[in-house]
Amino acid sequence: MKVSKPILITIILAILFAGYTLLFTGKKRPATVPSPNAKTTEMTPQAPRPAPAGDILKPDVSKMNLAWRDDPFFLPKSVTDRKTQKPIMVPKLVAIMEGKKGRLAIIGGEIVKKGDRIGDEKVAEIDRDKVVLTRNKTKRILSIEDIGQ
């Protein structure tokens, strides 16, 4: 008896398809997980039962005490602590200029006049060689440092 090639290929594919459906698409049994509200009277550990052929054992995640500790979207605590701290700014007096409207000072890259604020401090006076800053009734004097040394 002769069988043509297309019929033979069709029969082989049908057998493979039937084998696949029998092995991999069987009815799934639901996993029995005890509810957290259900109280068990007996807490004796049981030996694990061997799985029937073709079934894959899945680990019981509820008993593993897992937590998402290494989240890639959170920065380490040392980095977040550095970002929340305010940098301590030590203002430096760069220059004092005198004009028609009075004296101006350049402190930390900002041009200020008497009465302006630099951070938490207020400019109380601008003299020829120093600037007096006040904060909460305490005075601090900034003087021009000699850069030529």
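**Exercise 1. Find the residue in β2 that is the bridge partner of A95.**

Solution. Look across from A95 into β2, and you land on I106. Strands here are DSSP runs of E, at least two residues long, numbered from the N terminus. Before going on, note that this is a predicted model, where local features need pLDDT of at least 70, side-chain atom pairs count only at pLDDT 80 or more, and totals for chains, interfaces and linings use all residues. Residues are numbered from 1 along each chain as its sequence is written, and side-chain values use heavy atoms, leaving out hydrogens and water.

**Exercise 2. Work out how β1 and β2 fit into their sheet.**

Solution. Start with the pair: β1 and β2 (residues 102–107) run antiparallel and are joined by six bridges. That's enough to pair, since DSSP must find at least two bridges between two strands. Next, add β3: the open sheet has three strands in the order β1-β2-β3, with antiparallel pairing. Finally, spot the edges: β1 (93–99) and β3 (110–112) each pair on one side only.

**Exercise 3. Decide whether E121 is buried or exposed, and list what it touches.**

Solution. First, place E121: it sits in strand β5 (residues 121–126). Its relative accessible area is 7%, so E121 is buried; the cut-offs are under 20% for buried, over 50% for exposed and partly exposed in between, using a 1.4 Å probe and protein chains only. Then check contacts (heavy atoms within 4.5 Å). Skipping neighbours within four places in sequence, E121 is in contact with P91, D116, L133, T134, R135 and R140.

Conventions
Helix = DSSP H or I, 4+ residues; strand = E, 2+ residues; numbered from the N terminus.
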